[in-house]
Amino acid sequence: MTGTTSVTGTTSVGLTEAVDPLVVALDVGSTGTRGGVYDATGRPVRGLRHKVPHGFTTRPDGTSEIDPAQVLREVAEILDALDDSRLGARVRGVALDTFAASLVGVDAAGTAVTACLTYADSRSAAHAAALRRELDVRAVHDRTGTMIHPSYHAPRLRWLAATAPDVVVRSSSWWSLGEYVYHHLLGTTAVGTSTAAWTGLLDRRTGAWDTELLEATGTDPERFSAVHDPGVPLTPATGEVARRWPTLAGAVWFPVVSDGFASNVGAGAVDATSIAAAAATSGALRVLLDAPPETVPDGLWSYRVDAGRSLLGGALNDVGRAVTWLSETLRLDGAQGAVLLAEPSATTPLVLPYLSGERAPGWAGDARAVLTGVGAATTPDDLYRGTLEGVALTYARVADLLAPAAPDADRIMASGRVAKDLPEWLQVLADVLGRPVTHVTARRSTLRGTALLALDVLAPAVARSSPETGATYEPVPGRAGYYRDRRGRFEALYDALVRG
């Protein structure tokens, strides 16, 4: 029933007005770890939230990683901050989401012997290419719903075996970041279905680990955790957890889910009538379906997220990352909203915005950004506009593939840091897509989605609050021709420099 009934907006509520049961939601994202307390309607409880900023370590060779022990400390710090005696015994659940496709090698004691590789790590690009030559790519895509790409585990495991064989020998298990955190907090490795699916190693129809891919990487299935449906909670934590955080003593913990799944739920895109447009450090277009699609369109992915539902869509590496790069590189004054609302200009540079490789729809992991049409008169504002037009055009490439599989999706719900900080860009997105785009203004929609997934189990009969929304950006008819031409030029440049 998540998000189906509106009782009020998602504005925070005071603790005395909060509806029981309460849940603690945790979110490990690209720019920080967050946590907050939510009531049974899905509203954040005022004054009970905490964030610890962090960033990925990146290098020119494609490295994108983070220290898992650092994230564990961040989660503990947040739980310290939220362990408020006023809560008493009202918290009945704890739920965690993390950025997807994380990989940590651990020894028999659960000690990390690798850094946590993130979704943006592209060092295994050559090994992905080799696997594509060895395996039937279409068959793999049909079984797992994913492409053979550096964002997924099979190429990474091949790369580790080739570049760090001693590490592979020492790694008795391959965990997601959430599993690492749960092991050290709870003594269990509860990987939710969606987290397992984002590895690229899970059969999307059966929910079992894919034998052919594991054999291709020389990896035993025993090195991976058992997959847990997110709707089946774990037993309450005891021992050190209960002693350190007394307000969580009676709470059940839920298997770790992926941030993409949680983001759709938090934004209110919970069925086939709505497409979630995530626009944070990375981005995505996703639609939640009640059953696995018969076929997965070329270029998209389909993740099994629980025993019945699947998430269909495509992801982009560089959205907020592109905004940050532009601001830092061009030393902008932070007032670019007017640039995005201005009428399009044929002199705007055409940009392929692949700062850290491409995921959907072309899956060129070694792609890099290309700027064309730059002349002596080109200004920083021109480069800014051109790059963010390029980001929107990349969303459009995904949207074209998604449309036939979700013909009833008449709403695009946009959320995330870029949507919040640059709502003017949503006008560009609407013009490029030729469809209205509604701004989901509720803060921390991913965190809210994680809370709602737990509440579906703990409080199924309680009506949920609806996510707050702001403006709906309608496409400007007079701009259709400009973006149609720009899309054609984008595709030609892509074919020549990336696909070619």
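**Getting to know a predicted model**

Let's begin with one contact in this predicted model: the side chains of S225 and E179 make a polar contact of 2.4 Å.

Q: Is S225, in the loop between helix 8 and strand 11, buried or exposed?
A: S225 sits in the loop that links helix 8 (211–217) with strand 11 (227–228). Its relative accessible area is 6%. Buried means under 20%, so S225 counts as buried.

Q: Which residues does S225 touch, leaving aside its neighbours within four places in sequence?
A: One partner is already familiar, as the side chain of S225 makes a polar contact with that of E179. With sequence neighbours within four places set aside, the contacts of S225 are W175, E179, T189, V191 and W209.

Q: How far apart in space are the C-alpha atoms of S225 and G192?
A: Along the sequence, S225 and G192 are 33 residues apart. In space, the distance from C-alpha to C-alpha is 9.8 Å.

Q: With which side chains does the side chain of T63 make polar contacts?
A: T63 lies in the loop between strand 4 (57–58) and strand 5 (64–66), and is buried at 2% relative accessibility. Residues that T63 touches, not counting those up to four places away in sequence, include D121 and R123. For polar contacts between side chains, T63 has one of 2.7 Å with D61 and one of 3.3 Å with R123.

Q: What is the order of the strands in the open sheet of 7 strands?
A: Strands of a sheet pair through backbone hydrogen bonds, either parallel or antiparallel. In this open sheet the pairing is mixed. The edge strands, each pairing on one side only, are strand 16 (301–304) and strand 22 (469–473). From one strand to the next, the twist averages 25°. Read across, the order is 16-17-15-14-20-21-22.

Q: Which residue in strand 20 is the bridge partner of I275?
A: Strand 14 (residues 274–279) and strand 20 (residues 411–415) run parallel and are joined by 5 bridges. The bridge partner of I275 in strand 20 is I412.

Q: At about what angle to strand 21 does helix 15 run?
A: Helix 15 (residues 425–433) lies across strand 14, strand 20, strand 21 (437–440) and strand 22. Strand 22 is also an edge strand of the sheet. Relative to strand 21, helix 15 runs at about 150°.

Q: What is the omega of the cis peptide bond from D20 to P21?
A: Most residues other than glycine have a negative phi, and most peptide bonds are trans. P21 lies in the segment before strand 1 (22–28). The bond from D20 to P21 is cis, with omega near 5°.

Q: Where is P361, which follows A360 across a cis peptide bond?
A: The peptide bond from A360 to P361 is cis, with omega near -5°. P361 is found in the loop between strand 18 (350–352) and strand 19 (370–372).

Q: What is the phi of W363?
A: W363 lies in the loop between strand 18 and strand 19. With a relative accessible area of 4%, W363 is buried. Although W363 is a residue other than glycine, its phi is positive, near 60°.

Q: How does R444 count at its relative accessibility?
A: R444 is placed in the loop between strand 21 and helix 16 (445–458). It is not a glycine, yet it has a positive phi of about 55°. Partly exposed covers values between the 20% and 50% cut-offs, so at 23% relative accessibility R444 is partly exposed.

Definitions and conventions: Residues numbered from 1 in each chain as written. Predicted model: local features only at pLDDT ≥ 70, side-chain atom pairs only at ≥ 80, totals over all residues. Heavy atoms only, no water. Pairing = 2+ DSSP bridges. Helix = DSSP H or I, 4+ residues; strand = E, 2+ residues; numbered from the N terminus. Axes fitted to C-alpha atoms, helices over the stretch in contact; angles between N-to-C directions. Contact = heavy atoms within 4.5 Å. Buried < 20%, exposed > 50% of the residue type's maximum accessible area, 1.4 Å probe, protein only. Polar contact = N/O pair within 3.5 Å; in protein donor to acceptor, adjacent residues only side chain to side chain.
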